[in-house]
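Welcome! Please take a moment to look over the sequence and the 3D view before reading on.

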Amino acid sequence: MSFIKKSILAFLSFFILTSLCFAQEIESDSTNNEPQEETSQNDTADNDNKKKTGGGTYFSIDPVRPNTIKPTWFMYEAKPGDVIEDEMYVRNTADYINEFYIYGTDGAYNEDGDKIFTIFDEIPSEAGSWFNFEETDYALEPHEVIKKKFTITIPENIEPKEYLGGIAAEKLVKGSSVNRAFRMVVPVNIKVTDNPQSIPLKPIPVTYTPFFWITLGIAIISFSYLAVSYIKRRGKK
Amino acid sequence: MEKNNSINVLLIFLIVGSIFFPSILSAQSEQKASINILPGYITMNTPSSFSFDRTFLPKAGDPSLYLYKILTPNIESSKLTVKDADSSGQNFHVTMSLSNLFTSNQILPFTNFSTTTLAIDTINNIDVNSSGLPFPTANITAPIACSWDGLNGTLDDNCSTELNSNTLVGNITPIAIDPTTNITNSTNLIPVSNSTQYTIDEIIIFSDGEKALITQIDPGILHVERGILGTTASEHTPASGIIPVGPESQQLDIMVGPEPPGGRIGAYSLGFGFRSLIDPAEEIQAGDYSGHITFTLYIT
């Protein structure tokens, strides 16, 4: 067997083995992919109902890079004066165009230990005031998901401790006398410290596109080599 | 020669394999993704019937001080519903708060209201039965639930204990260093140490019980309407303390789920009862009051 053939054989074997390893990683990480559609018939019927009535939290906010501690929360460690830049998925889970707005809230714990978050009309004085969103007003198409940036500016000379805030997505439904505000709040935990540690993040999902084209390229090159070898051999005969 | 042919066959096999392997993996991955649905899409809604119609609010000459609004758990289209789209261990809370209600010149404070949720209560406020009437509140904890099916009697008959204990409250902690100067009983300007701790449309309470409504805020100065809700404007000394009650009540936990934590896919629902008990000392007048109620859903 020629050296080239041996090399091709070894390389392809290595490549398929690597593929198997990738497959395992992807399998274990499949819950971390970009949001999937999962609307059931019941949900659809309910969404139709909500289109008429208009009240509910048919939207969501999710971290683009979920952490491993509380994957649905945003969690950070930073120094006083730091500016944290991050991204979030803003998603309309309804079957209709959904209008809502986003704002930062202060979080706290009540006497029972449950979390509470300041409402839209209250001016946040702590973590809620540190947010700056790329966009605050949304009108998303049915099941549209968009990625938006936001920053958190930690004030200088702030006491090092853990601060609870939240990103609230809210829809206001007008009533005859009393309006109803429906909101979903995603908690944001910010540990302000002089020695910030990195928060462990879930692995970034593997994409197939480059993997596929590299594999295909190698296959074509290998096949061409064989074809050329065969033609040369036929020519010699 | 035979050996070379075997190698060629092996090479072709590997080439074909390498071409199709990504497709095979991709198909496998798509299948996995459709099974392992992302967590987090919990939704909440109330029906359109849940609104405070005008007859809910005081009428001129109406002798009744009790005013009700009820969502009954026995009517499918008339309850607060939370849907948990998956079984990935997402736990959630729903809280409720109410703002002060206003006319152009009157205020009806949220502290005049009390609330309860309605569930077919077992010992721990958990209805474990997911079928039958009344419609279930299965697999949630309802911390302020009243055990009533909404069918017999009135809200007050069945849930007076819960309503009496679930009066909406605001902040009760005074800012001890305010006001920063002597206050006469005629001034509408209240100097404070940090005006960002106060909010427009918020009631403040002075140390002697006088209530005032914040109408405007300037740096270090609150513009207020003095002696409201049956109280009288009086003099106050520096650092006698001011309680900023807040423009909206503290958030009450009304639904916690699923039960047990990290539980199943499901839809969770509650009836909802609201009562206003007008304090006779507070001269509430008839009018077209407006405000808002906030339902908050958050994932724990």
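The report below walks through chain A, two sheets and the nonpolar cores.

## Getting oriented in chain A

Keep in mind as you read that this is a predicted model. A good place to begin is chain A, whose secondary structure consists of three helices and 10 strands. Starting from the N terminus, two helices come before the run of strands, and a helix closes the chain.

Chain A has 237 residues, and 31% of them are buried. Among contacts in chain A with a separation of 6 or more, 75% are between residues 24 or more positions apart.

## A four-stranded sheet in chain A

Let us turn to a sheet you can trace in chain A. Four strands make up this open sheet, in the order β1-β3-β8-β6, and their pairing is antiparallel. At its edges are β1 (59-63) and β6 (131-133) of chain A, each of which pairs on one side only. On average, neighbouring strands here are turned by 30 degrees against each other, direction ignored.

How is the edge strand β6(A) joined to β8 of chain A? Three bridges link β6(A) with β8, which spans residues 145-153, and the two run antiparallel. You can find this pairing by looking for Asn132(A), which stands opposite Thr151(A) in β8(A).

## A five-stranded sheet in chain B

Chain B offers another open sheet to explore. Its five strands follow the order β9-β12-β11-β10-β13, with antiparallel pairing. Why is one side of β9 (189-191) and of β13 (242-246) in chain B left without a neighbour in the sheet? Both stand at the edges and have a single partner strand each, so nothing in the sheet flanks their other side. From one strand to the next, the twist averages 40 degrees.

For β9(B), the antiparallel link to β12 (residues 221-225) of chain B is made through three bridges. Within that pairing, Leu189(B) has His223(B) in β12(B) as its bridge partner.

## The nonpolar cores

Finally, look inside. In soluble globular proteins, nonpolar side chains tend to be buried together. The largest nonpolar core in this model holds 67 residues, and those touching the most other members are Ile167(A), Val94(B), Ala142(B), Ile254(B), Met255(B), Leu270(B) and Leu297(B). Strand β10 of chain A, covering residues 178-192, gives the most to this core, with nine residues.

Another core, of 19 residues, lies apart from the largest one. Its members include Leu101(B), Ile183(B), Val192(B) and Leu222(B).

Note on methods:
Residues are numbered from 1 along each chain as its sequence is written. Chains are lettered from A and ligands numbered from 1 in the order in which they are written. This is a predicted model: local features need pLDDT of at least 70, side-chain atom pairs count only at pLDDT 80 or more; totals for chains, interfaces and linings use all residues. Two strands pair if DSSP finds at least two bridges between them. Axes are lines fitted to C-alpha atoms, for helices over the stretch in contact, and angles run from 0 to 180 degrees between N-to-C directions. A nonpolar core is a set of buried Ala, Val, Leu, Ile, Met, Phe, Trp, Tyr and Cys residues joined through C-beta atoms within 7 Å. A residue is buried if 20 or more other C-beta atoms lie within 10 Å of its own, exposed if 12 or fewer, and partly exposed in between; C-beta atoms are placed from the backbone. Two residues are in contact if their C-beta atoms, placed from the backbone, lie within 7 Å.
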